[in-house]
Amino acid sequence: MELDSRTDRSFARARGRAALAAGVLGLLLAVGGCGASGDSSGSNEKAADSKYAPSGERAGAGADADGAASSAEDRADGKPSGVKAAPKPGAAATHVIRTATLSVEVKSVPKAVAAARGVAEGAGGLVATENTERLDDTYETSHLVLRVPQDRFQEVLRELAGSGKLLSRTSNAKDVTDQVVDVDSRIATQRASVARVRELMDRAEKISDVVALEGELSSRQSDLESLLAQQSSLKDRTSLATITLDLTPPDAPDDEGRDEDAGFLDALGGGWGAFVTMLRWVAVAFGAALPFLLTGALALLVWRALRRRGAARTAAPAGTPEKEGTPAP
């Protein structure tokens, strides 16, 4: 009997535990079913709202749906919602603007210019600017602006620096990766904005709405074109490096390249040259002053003639003889 009573109590305890577990499981299922029905009803309401809402609100609802989908994907990958995935190594390229300035002394400027042009074009680049100035009949200088690919920048720089005597060299590198990424992102956003405005124009029924949307579309397309121009400029400067090259000839040497002291003949030649130069300047000064000297001399002659005539008139009455019959004093 004691064994039967113990067995009955064990069965009773087991049935109690089973009943408790069944009740908890049923409660969990009921709560899950309520949550699922709530989510489905909420999604149905959102779908209805987006169906009958204006197109602008529909675009916002689409953006919310996209954000929810991306959040769901992040949660599925085991990442918290709202946290952006870190870029994979090597996925984002580095964008750098490279510039350099070289000043090289060469024996023959025309040959050096031809060689620099060949180096740039051989590397896949081009000569953007070329300015040659002739100093005299023998010597000339040249200013070149070369554009070469980024991967050949250092190679071209070494070849140009080794074409003659390097006088000066400066190099600069500026990382614009963040700027490129920002411009690309803004272009994508602006394109989506233009597409939304065009969709609204297609669905607009009032003339006032169409006119307002046309103005908005023009403004957004202008902003998009400005961003595209920035993107093109950045692409050009990051894909091709800029090298500014100045080519100059060496100083003109002496006739025989000697540093001898001046001799008697050299001194005589120098003195004679100075004397001839002085005579030339004296002749120039005399020629410049000759009209004034002639005018002064002519004025002096006229003045002296007038003075003599006046003196003669004054002396004539004093020398006249007395008349006959006039008593002497």
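Two strands pair if DSSP finds at least two bridges between them. Helices (H or I, at least four residues) and strands (E, at least two) are DSSP runs, numbered from the N terminus.

The model is predicted: local features need pLDDT of at least 70, side-chain atom pairs count only at pLDDT 80 or more, and totals for chains, interfaces and linings use all residues. Residues are numbered from 1 along each chain as its sequence is written, and side-chain values use heavy atoms, with hydrogens and water left out.

**Exercise 1. Composition of the chain**

Task: State how many helices and strands the protein chain has, and give their succession.

Solution. Step 1: the protein chain has seven helices and five strands. Step 2: read from the N terminus, the succession is α-α-β-α-β-β-α-β-α-α-β-α. Step 3: of the 329 residues, 17% count as buried, where buried means under 20% relative accessible area, exposed over 50%, and partly exposed in between (1.4 Å probe, protein chains only).

**Exercise 2. The sheet**

Task: Determine the strand order of the open sheet and identify its edge strands.

Solution. Step 1: the open sheet has five strands in the order 2-3-5-1-4, and its pairing is mixed. Step 2: strand 2 (126-134) and strand 4 (165-175) are the edge strands, since each pairs on one side only. Step 3: on average, neighbouring strands of this sheet are turned by 10 degrees against each other, direction ignored. Axes are lines fitted to C-alpha atoms, for helices over the stretch in contact, and angles run from 0 to 180 degrees between N-to-C directions.

**Exercise 3. Pairing within the sheet**

Task: For the pairs 2-3, 3-5 and 1-5, establish the sense of pairing and name one pair of opposite residues in each.

Solution. Step 1: strands 2 and 3 are antiparallel and share eight bridges; Thr 132 stands opposite Ser 142 in strand 3. Step 2: strand 3 (residues 140-149) and strand 5 run antiparallel, joined by eight bridges, and Val 145 stands opposite Thr 244 in strand 5. Step 3: strand 1 (residues 96-105) pairs with strand 5 (residues 240-248) in the parallel sense over seven bridges; here Ser 103 faces Asp 246 of strand 5.

**Exercise 4. Two residues and their spatial partners**

Task: Classify Asp 246 and Val 113 as buried, partly exposed or exposed, and give a C-alpha distance for each.

Solution. Step 1: Asp 246 is found in strand 5 and, at 26% relative accessibility, counts as partly exposed. Step 2: the C-alpha atoms of Asp 246 and Glu 105 are separated by 8.4 Å, although the two residues are 141 residues apart along the chain. Step 3: Val 113 has its place in helix 3 (residues 109-122) and counts as buried because its relative accessibility is 6%. Step 4: from Val 113 to Ser 142 the C-alpha to C-alpha separation is 7.5 Å, with their positions 29 residues apart in sequence.

**Exercise 5. Helices 5 and 6**

Task: Describe the packing geometry of helix 5 and helix 6 and the composition of their contact.

Solution. Step 1: the axes of helix 5 (residues 177-203) and helix 6 (residues 207-239) come within 9 Å and cross at roughly 155 degrees. Step 2: the two helices are therefore roughly antiparallel (angles under 35 degrees count as roughly parallel, over 145 as roughly antiparallel, 65 to 115 as roughly perpendicular and the rest as oblique). Step 3: the contact residues of helix 5 with helix 6 divide into 13 nonpolar, six polar and eight charged. Ala, Val, Leu, Ile, Met, Phe, Trp, Tyr, Cys and Pro count as nonpolar, Asp, Glu, Lys and Arg as charged, and the others, Gly among them, as polar.
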